[in-house]
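I opened my notebook to go through one structure step by step, writing down what I looked up and what I found. Each entry keeps to one part of the chain.

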Amino acid sequence: MTAGRGSSDSWSALALTPGIAIVGLGGAGSEAVHDLVGLGIPGVRSLVVNTDAKHLVRMGAEEKILLGQRELRGRGSGGDRAAVLRAAEDAKEELLRRLAPFEIVFLLAGLGGGTGSALLPFLARALRATETLPIPVVFLPFQVELEANPNRRENVDATIEELEAMGGLLIAIANEKLRRFERLPIYRVFQVRNAYLHSLVVSLVDMVENPSQLNVDLASLKNHLREAGLSTLVVGEHHISEPERLVQQALSESLLDYRLAERSSALVHLDGGSNLTLRTLDRVIRTMRHALGQPERLVFGTRVRPEPREVVHLTAVVGGLRLGAVRDAVGAPARSEEPLATPLL
Ligand SMILES: Nc1nc2c(ncn2[C@@H]2O[C@H](COP(=O)(O)OP(=O)(O)OP(=O)(O)O)[C@@H](O)[C@H]2O)c(=O)[nH]1
Ligand SMILES: [Mg+2]
């Protein structure tokens with residue numbers, strides 16, 4: 001039983017309780033939450049946590065938490081992870097009281113600073129000891145940021161190693177991959193990234209929150225993750241006539257080149273119209289199995305809308321990422337001619 005639920009006797013109240021939260025940690029994480037709120041995330045609670053009071057004030061989120069007021073005086077940590085960790089330990093009970101009532105908590109941070117980098121693994125670990133499923137979402141810094149500052153690189157590597165070792169569902173977005181848009185103003189580049197992240201969050205929320213014909217709910221997601229090792233999330237959308245392209249598109253649009261270990265797995269959900277046939281489903285599953293190197297386990301679900309639809313939406317949790325996959329992405333700058341789309345294998 002998750003703490004904080006069941007305060008009402010009515011079961012319908014339980015069905016309406018927001019079970020999912022997105023939480024921005026530090027500057028970059030908070031800005032991403034701010035953008036996601038702007039794009040609309042119905043039924044999802046938004047929170048930001050920072051050591052920087054001025055930054056916190058500007059953010060549009062339902063709840064805001066200033067951390068480390070005594071030591072850091074609301075001025076940010078300036079890269080001091082140790083100071084942030086001390087503040088987090090002091091506030092651990094309060095943070096868990098606010099976050100543990102949710103069933104899923106997305107934790108967003110840009111790695112390389114002090115606040116987000118320290119808080120993300122701290123909270124992921126603390127939440128894993130509860131019933132709540134934490135989903136870390138990390139932005140990996142641009143190569144130039146790391147070249148200019150070796151301490152930052154150590155900081156980033158340590159955080160990634162910790163997250164990879166924890167296993168579970170991890171969404172990592174390599175900022176270097178955004179170089180494809182290098183002629184756009186910087187704020188637009190981050191908007192493009194956040195729009196992609198928005199589609200990931202909304203797809204996962206939709207998959208577990210709304211009942212479907214072949215259901216993939218929170219319990220099946222948790223069961224799947226228990227065995228899947230380090231996993232990630234991909235989404236795609238394509239015309240119903242080309243199921244193979246739908247899979248390719250979903251796998252290639254990831255903003256990180258993942259490499260799979262020998263034992264891969266997948267949980268696949270298709271959302272389409274009344275014209276979605278078993279044959280289409282079959283083609284999607286076959287292509288997925290082939291692309292992932294014949295995974296050991298492949299669970300699937302579908303939702304069919306009452307009206308016909310030209311477009312099918314795919315959401316997949318891919319398990320069995322090779323350890324080091326995320327860390328390697330930090331070390332490998334993308335060549336500008338390299339497509340954003342890089343297949344999983
Ligand atoms: N501001 C901002 N930074 C981003 C964004 N995406 C990635 N980053 C990177 O996120 C990393 C961490 O920076 P911040 O989030 O500002 O750091 P912080 O967690 O607030 O930590 P301190 O300010 O050191 O306490 C940097 O390497 C940024 O380049 C974004 O959308 N906005
Ligand atoms: Mg900051």
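The entries below go from the whole protein to single residues.

**Entry 1: the whole protein**

I noted at the start that this is a predicted model. I then looked up the secondary structure, which comes to 14 helices and 11 strands. Of the 345 residues in the protein, 45% are buried. I also looked at how far apart in sequence the contacting residues are: among contacts with a separation of 6 or more, 77% join residues 24 or more positions apart.

**Entry 2: strand 2 and its neighbours**

How many of the residues of strand 2 are buried? I looked up residues 44-50 and found that 7 of 7 are buried, so that I could write the strand down as mostly covered. I then went through the two faces separately, remembering that side chains in a regular strand alternate between the two faces of the sheet. On one side, Val44, Ser46, Val48 and Asn50 are buried, and on the other side Arg45, Leu47 and Val49 are buried too, which leaves both faces of strand 2 covered.

Next I looked for the partners of strand 2, keeping in mind that strands of a sheet pair through backbone hydrogen bonds, either parallel or antiparallel. Strand 1, residues 20-25, pairs with strand 2 in the parallel sense over 6 bridges, and I picked out isoleucine 20, whose bridge partner in strand 2 is valine 44. Strand 3, residues 63-66, also runs parallel to strand 2 and is joined to it by 4 bridges; here asparagine 50 stands opposite leucine 66 of strand 3.

I followed the chain between these strands as well. Strand 1, helix 2 and strand 2 make a right-handed β-α-β unit, and strand 2, helix 3 (residues 53-58) and strand 3 make a right-handed β-α-β unit as well.

**Entry 3: around ligand 1**

Which residues are the closest to ligand 1? I found 21 residues surrounding the ligand, and the closest are Gly26, Gly27, Gly110, Gly113 and Gly116. Helix 2 (26-39) and helix 7 (115-128) each supply at least two residues of this shell, and helix 2 gives the most, with 5 residues. Sorting the shell by residue type, I wrote down 5 nonpolar, 14 polar and 2 charged residues.

**Entry 4: the open sheet**

I then turned to an open sheet of 5 strands, which lie in the order 6-8-11-9-10 with mixed pairing. Strand 6 (168-169) and strand 10 (297-304) stand at its edges; each has a single partner strand, so one side of each is left without a neighbour in the sheet.

Strand 11, residues 311-321, pairs in the antiparallel sense with strand 8, residues 230-239, over 9 bridges. Two of the pairs I looked up are glycine 236 with leucine 314 as its bridge partner, and glutamate 237 standing opposite histidine 313. Strand 9, residues 260-272, pairs with strand 11 over 8 bridges, also in the antiparallel sense, and leucine 260 stands opposite leucine 321. Of the 11 residues of strand 11, 10 are buried. Helix 12, residues 243-252, lies across strand 8 and strand 11 and runs at about 135 degrees to strand 8.

**Entry 5: phenylalanine 300**

I chose phenylalanine 300, which is found in strand 10. Is phenylalanine 300 buried, exposed or partly exposed? I read 16 C-beta neighbours inside 10 Å, so phenylalanine 300 counts as partly exposed, since buried would need 20 or more and exposed 12 or fewer. Phenylalanine 300 touches Leu214, Val268, His269 and Ile285, leaving out residues up to four places away in sequence. Phenylalanine 300 and leucine 267 are 33 residues apart in sequence, yet their C-alpha atoms are 5.6 Å apart in space.

**Entry 6: two positive phi values**

Most residues other than glycine have a negative phi, and I wrote down two residues that do not follow this. Arginine 73 has a positive phi of about 55 degrees and is found in the loop between helix 4 (69-72) and helix 5 (81-90). With 10 C-beta neighbours inside 10 Å, arginine 73 counts as exposed. Glutamine 294 has a phi near 50 degrees, also a positive value, and its place is in the loop between helix 13 (278-291) and strand 10. With 9 C-beta neighbours inside 10 Å, glutamine 294 counts as exposed as well.

Terms used: Residues are numbered from 1 along each chain as its sequence is written. Chains are lettered from A and ligands numbered from 1 in the order in which they are written. This is a predicted model: local features need pLDDT of at least 70, side-chain atom pairs count only at pLDDT 80 or more; totals for chains, interfaces and linings use all residues. Two residues are in contact if their C-beta atoms, placed from the backbone, lie within 7 Å. Two strands pair if DSSP finds at least two bridges between them. Axes are lines fitted to C-alpha atoms, for helices over the stretch in contact, and angles run from 0 to 180 degrees between N-to-C directions. A residue is near a molecule or strand if its C-beta atom, placed from the backbone, lies within 6 Å of it. Ala, Val, Leu, Ile, Met, Phe, Trp, Tyr, Cys and Pro count as nonpolar, Asp, Glu, Lys and Arg as charged, and the others, Gly among them, as polar. A crossover is right-handed if, with the strands pointing away from the viewer, the path from the first strand over the helix to the second runs clockwise.
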